[in-house]
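The exercises below concern a single protein chain. Each sets a task and then works through the solution step by step.

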Amino acid sequence: MKMINSAMHLLRNSKSSALALLFGAFTLLALSACSEPVESETHSSGAIDAAKGEAIALTTYKSATCGCCQLWVDHANQQGFAVDAQNVDDLNGIKERFGIAPQFQSCHTSVSENNFVFEGHVPAKFVRQFLQNPPANARGLAVPAMPLGSPGMEVGDRFTPYEILLLHKDGSHGVYARIENAQQQF
């Protein structure tokens, strides 16, 4: 309540200060979803891909303290993936190793058995769709930043539309899918 009262006082006295405060509060809310320590690491051993009768293996590189990364791992496991979550100290090194340019980066990087990359909070539905029929000259998919409401970034019923980008081997990209509402992710 104090934050709201402070924001109202600042709004009366300075619109730019109020905007800065509101932006700071939103940023803090978004980052708090990603900064909660994870108590236990879960690894799926029996998720089944109903279409093929076998688990789809992914290795996900993430920070040990990133709660939203663990929530994405849980989402992928629940959707028929066998995720081997690897806590690493040098995520930038991982992103460099897999050629993920800064404008496509997010908080975690997943890699399939055949070295396709899935950067950030890509819904498992689209990872599966991509792996079942990889586009020619594709390297993978990316959801840059951390869109509110994407898998692992749920905050109540809040949702920000976003694009899933198709990463090409030559470094270019295109739009693979546009996600306008939360239901399109499943």
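**Exercise 1. Backbone conformation in two loops**

Locate N137, state its phi, and decide whether the residue is buried or exposed. Then treat N115 in the same manner.

*Solution.*

Step 1. In this predicted model, N137 sits in the loop that connects α5 with β5.

Step 2. Its phi is near 60 degrees, a positive value in a residue other than glycine. Most residues other than glycine have a negative phi.

Step 3. The relative accessible area of N137 is 54%. Exposed means over 50%, so N137 is classed as exposed.

Step 4. N115 belongs to the loop between β3 and β4. Phi of N115 is near 65 degrees, again positive in a non-glycine residue. With 54% relative accessibility, N115 is also exposed.

Step 5. The loop of N115 can be described further: β3 and β4 make a hairpin with four residues between them, and N115 is in the turn.

**Exercise 2. Model confidence**

Determine what the pLDDT values of the chain are and where they fall below 50.

*Solution.*

Step 1. The average pLDDT of the chain is 79, and 72% of the residues score at least 70.

Step 2. Residues 1–51 have a pLDDT below 50; this stretch has 65 contacts in the model beyond near neighbours in sequence.

Step 3. Where pLDDT is low, predicted coordinates should not be read in detail.

**Exercise 3. The sheet**

Establish the strand order of the sheet and identify which strands stand at its edges.

*Solution.*

Step 1. The chain contains five helices and seven strands. Along the sequence they follow the pattern α-α-β-α-β-α-β-β-α-β-β-β.

Step 2. Seven strands form an open sheet with mixed pairing, in the order β2-β1-β3-β4-β5-β6-β7.

Step 3. β2 (81–87) and β7 each have a single partner strand and therefore stand at the edges, with one side of each left without a neighbour in the sheet.

Step 4. From one strand to the next, the twist averages 20 degrees.

Step 5. Individual pairings show the mixed character of the sheet. Strand β1 (residues 56–62) pairs with β2 in the parallel sense over seven bridges, and T60 stands opposite A85 in β2. β3 and β4 run antiparallel and are joined by three bridges; here S110 has F118 of β4 as its bridge partner. β4 and β5 run parallel, with four bridges between them, and F118 stands opposite L141 in β5.

**Exercise 4. Helices across the sheet**

State which strands helices α3 and α5 lie across, and at what angles the helices run.

*Solution.*

Step 1. Helix α3 (residues 67–78) lies across β1, β2, β3 (109–112) and β4. Its direction is at about 160 degrees to β2.

Step 2. Helix α5 (residues 124–132) lies across β1, β2, β3, β4, β5 (138–143), β6 and β7. Its direction is at about 170 degrees to β5.

**Exercise 5. Salt bridges**

Find how many salt bridges the model contains, and describe each pair by distance, location and accessibility.

*Solution.*

Step 1. The criterion is a side-chain nitrogen of Lys or Arg within 4 Å of a carboxyl oxygen of Asp or Glu. The count under this rule is two salt bridges.

Step 2. One of them joins the side chains of K95 and E119, with an N to O distance of 2.6 Å. Because K95 lies in helix α4 (residues 91–97) and E119 in strand β4 (residues 117–120), the pair ties together parts that are 24 residues apart in sequence.

Step 3. Buried means under 20% relative accessible area. K95, at 2%, is therefore buried, and E119, at 0%, is buried as well.

Step 4. R178 and E163 also meet through their side chains in a salt bridge, at 3.1 Å from N to O. This pair links R178 in strand β7 (residues 173–179) with E163 in strand β6 (residues 162–168), 15 residues apart.

Step 5. R178 has a relative accessible area of 51% and is exposed, whereas E163, with 33%, is partly exposed.

**Exercise 6. The chain as a whole**

Report what share of the residues is buried and how much area the chain exposes.

*Solution.*

Step 1. Of the 186 residues, 41% count as buried.

Step 2. The exposed area is about 10100 Å², of which carbon and sulfur atoms supply 54%.

Step 3. Among contacts between residues at least 6 apart in sequence, 58% join residues at least 24 apart.

Definitions and conventions:
Residues are numbered from 1 along each chain as its sequence is written. This is a predicted model: local features need pLDDT of at least 70, side-chain atom pairs count only at pLDDT 80 or more; totals for chains, interfaces and linings use all residues. Side-chain values use heavy atoms; hydrogens and water are left out. Buried means under 20% relative accessible area, exposed over 50%, partly exposed in between (1.4 Å probe, protein chains only). Contact means heavy atoms within 4.5 Å. Accessible areas come from the Shrake-Rupley method with a 1.4 Å probe; for residues, only the protein chains shown count as cover. pLDDT is the predictor's confidence in each residue, from 0 to 100. Two strands pair if DSSP finds at least two bridges between them. Axes are lines fitted to C-alpha atoms, for helices over the stretch in contact, and angles run from 0 to 180 degrees between N-to-C directions.
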